[in-house]
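Welcome! Here are some short exercises to help you find your way around a new structure, each followed by a worked solution.

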Amino acid sequence: MKPAFDVPFELIELQKFDYALEGVSFQQLIRMPNAVYASTSDSAEATAYLAVEDFLHATVKGLWETFWSQDEPMPFSITRLYKENLKFYQAENAIASGRLGSLCASGVLLKNPRHPHGKWDDILELALLRPDIQSLSVESEQQPSLLVLGEALFYALRMLISRSLSKQNFSLGSNFVYVLLVDSQYGGVVKVEGDVKKIDFDVNNVYKCAAEWIQRHARIAVTPVDRIWNKLGNANWGDIGALQLTFATFHCIMQFAGLPKHSIEDLAADHGCRLQTRRLERQLGDTRANGSSLFKFQQHGVSPEIVEIQDESVKLESESLKLEVESVLWLDDSNWERGYQINQIRSNGELPYYIASPVEDQGKSLFLYVGSHPSQLEHAWEDMNLWYLVQRQTKVLTIMKQKGLSSKYLPQASASGRIIHPGQCRRPSSGGNCDHPWCGTPILVTSPVGETVADMVSEGHFGVDDAIKCCHDCLSALSTASSGGIRHGDIRPENVICVRSGESHPYFVLIGWGHAILEDRDRPAMNLHFSSTFALQEGKLCSASDAESLVYMLYFACGGVLPDLDSVEGELQWRETSWSRRLIQQKLGDVSPVLKAFADYVDSLCGTPYPMDYDIWLRRFKRSIREEDHGKEIDASI
């Protein structure tokens with residue numbers, strides 16, 4: 001037996017939304033009286049009404065401040081619908097006047113100074129408090145009773161008709177509404193979508209007209225009823241029941257306020273940083289070194305300890321996309337089909353990526369990154385890294401292009417889109433992906449292509465001239481990006497490449513912009529060896545953080561020994577000792593006096609609010625670069 005209705009939200013959407021809300025504090029102050037323990041008096045019923053309104057207020061306020069703005073006042077209010085005339089009143093006033101039984105729904109409304117009591121076309125969503133939401137039958141698949149569902153459809157249709165007659169501007173369209181169904185413990189969501197202009201009105205039988213429209217033109221989705229409040233009357237914000245109601249409210253706010261300033265994807269990505277920070281706090285080691293290994297307790301003699309073991313019986317059940325040399329991959333880039341032949345398979349120390357050539361230009365080489373399938377995202381640390389490598393980096397490079405930030409020392413996005421998988425794609429018209437395991441897998445293609453500093457060091461190819469040129473070119477990239485308010489946040493040997501083909505002189509390009517800091521709430525990557533001290537301590541970047549990471553990378557590339565540590569405390573202690581004894585400056589000074597001076601400058605700037613002076617150091621490094629033809633190359637960084 002199949003469920004009677006589709007669900008409005010997929011589980012993967014709720015999981016990503018849950019990650020985005022990690023650390024967000026929703027606080028319901030008025031507790032929901034529990035039906036088992038509370039009395040059946042009017043006071044208990046009145047408290048239930050007030051608790052629903054407080055739940056809605058906490059939800060809207062938390063979502064507004066998290067996704068839209070912490071500075072601007074919330075443009076919404078909570079009010080109660082009076083069933084005798086379908087007008088709005090404050091619940092406290094209705095309760096005080098003894099009209100408790102006449103209240104039928106709570107509403108989230110857009111504040112309207114011209115109509116302070118509210119209008120129907122200002123309603124974001126309605127919440128119906130009914131005593132029988134949890135009265136479920138086995139056949140209903142935990143869906144609400146037909147009586148309650150019919151009532152929800154009535155209010156949903158009235159909202160849709162009011163919006164169709166309104167002059168209100170709905171950013172994402174006005175043809176869908178959400179109605180919340182709750183009792184003192186459980187709740188669910190009903191979504192109704194359709195074009196009410198297709199209603200054939202008959203003034204003599206309006207309910208029949210409405211029923212026919214619902215049958216022929218409406219799409220109805222219903223969530224399973226799940227628990228919202230615990231026995232103490234507190235909302236279980238992190239559980240799926242409350243999460244479904246919160247997600248519906250999020251979509252309602254988007255209709256009126258437009259797309260949020262902070263997307264779900266960006267906030268959900270912070271989960272990976274918090275996870276890595278937690279692992280470092282627990283001294284489980286640097287995840288870049290440990291990769292996807294599983295940690296288990298094992299007994300050795302009489303002392304238990306945490307050891308790293310390979311457990312073949314525990315695997316992530318996902319069919320990942322594996323590409324081989326000479327295989328061809330096709331992607332849909334803004335409705336253009338582009339094909340790429342894989343020439344080499346490389347790794348950045350944790351994840352594979354590829355060197356590929358366009359099928360129409362085999363002589364051209366590009367970097368090709370394959371992301372994680374949307375259904376697998378967030379299930380593993382590797383998938384979070386893939387999200388940063390592909391989806392987030394695509395966003396950052398797109399923003400750079402929109403802001404006109406261009407430099408030969410910055411990567412360029414050649415193409416991005418979703419993979420075109422073999423066979424027929426049965427993607428639903430409403431969006432999403434079909435059931436093919438590759439459908440929706442994101443792809444990013446960038447240029448130029450080069451050898452990473454990590455590979456150059458391992459093969460003994462990184463020389464004195466390379467160190468000076470690398471520092472100059474990376475500073476030039478950072479200077480260009482910072483002019484647009486963007487910082488890198490993940491400088492390490494795997495994220496700097498040396499480009500040699502087609503150039504009279506090799507140059508370095510700073511790649512790996514997936515962890516870039518676009519705004520204050522973004523978090524940098526955490527790397528024990530190369531993250532700045534401020535990043536390890538505060539989880540943020542100061543003005544000199546990228547330059548500090550560059551110093552550590554050059555120290556390593558020039559033969560400096562990095563300690564084998566497994567905790568943030570140990571790494572910070574090593575840095576304090578190394579800087580105070582000038583070990584880092586001395587090592588770089590053996591390579592070039594200008595590198596030593598630069599390290600001293602960065603050391604004096606770290607942790608302060610003072611900005612980096614890129615121009616003066618670009619000029620100093622330019623004078624130190626030994627090139628044969630000084631007059632033939634024009635460098636825009638000076």
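## Getting an overview

The protein has an accessible surface of about 30,800 Å², and carbon and sulfur atoms account for 50% of that surface. Keep in mind that you are looking at a predicted model.

**Exercise 1.** Describe the protein as a whole: how many helices and strands does it have, and what share of its residues is buried?

*Solution.*
- Step 1: Start with the secondary structure, which comes to 17 helices and 19 strands.
- Step 2: Turn to burial. Of the 638 residues in the protein, 52% are buried.
- Step 3: Look at the contacts between residues at least 6 apart in sequence; 65% of these join residues at least 24 apart.

## A small sheet

**Exercise 2.** Work out the strand order of the open sheet that contains β17, β18 and β19, and find which helix packs on this sheet.

*Solution.*
- Step 1: The sheet has 3 strands in the order β17-β18-β19, and their pairing is antiparallel.
- Step 2: At the edges are β17 (451-452) and β19 (507-510), each of which pairs on one side only.
- Step 3: Strand β18 (residues 496-499) is joined to β19 by 4 bridges. Across this pair, Val-496 stands opposite Leu-510 in β19.
- Step 4: Helix α11 (residues 464-482) packs on the sheet and touches β18 and β19. The direction of helix α11 makes about 40 degrees with that of β19.

## Looking for disulfides

**Exercise 3.** Find how many disulfides the model has, then check Cys-498.

*Solution.*
- Step 1: Recall that a disulfide is a covalent bond between the sulfur atoms of two cysteines.
- Step 2: The count of disulfides is 0.
- Step 3: For Cys-498, the nearest cysteine sulfur belongs to Cys-470 and is 8.5 Å away. A disulfide needs two cysteine sulfur atoms within 2.5 Å, and Cys-498 is in no disulfide.
- Step 4: Cys-498 counts as buried because its relative accessible area is 2%, and the cut-off for buried is under 20%. Cys-252 is buried too, with 0% relative accessibility.

## One arginine

**Exercise 4.** Is Arg-575 buried or exposed, and which polar contact does its side chain make with the side chain of another residue?

*Solution.*
- Step 1: Locate Arg-575 in helix α14 (residues 568-580).
- Step 2: Arg-575 has 2% relative accessibility, so it counts as buried.
- Step 3: The side chain of Arg-575 makes a polar contact with the side chain of Thr-533 at 3.4 Å. The Arg-575 side chain also reaches the backbone oxygen of His-529, at 3.3 Å.
- Step 4: Leaving out residues up to four places away in sequence, Arg-575 touches several others, including Phe-530, Leu-536, Glu-548 and Tyr-552.

How values were computed
Residues numbered from 1 in each chain as written. Predicted model: local features only at pLDDT ≥ 70, side-chain atom pairs only at ≥ 80, totals over all residues. Heavy atoms only, no water. Helix = DSSP H or I, 4+ residues; strand = E, 2+ residues; numbered from the N terminus. Buried < 20%, exposed > 50% of the residue type's maximum accessible area, 1.4 Å probe, protein only. Polar contact = N/O pair within 3.5 Å; in protein donor to acceptor, adjacent residues only side chain to side chain. Contact = heavy atoms within 4.5 Å. Pairing = 2+ DSSP bridges. Axes fitted to C-alpha atoms, helices over the stretch in contact; angles between N-to-C directions. Areas by Shrake-Rupley, 256 points an atom, 1.4 Å probe, with all protein chains shown as cover.
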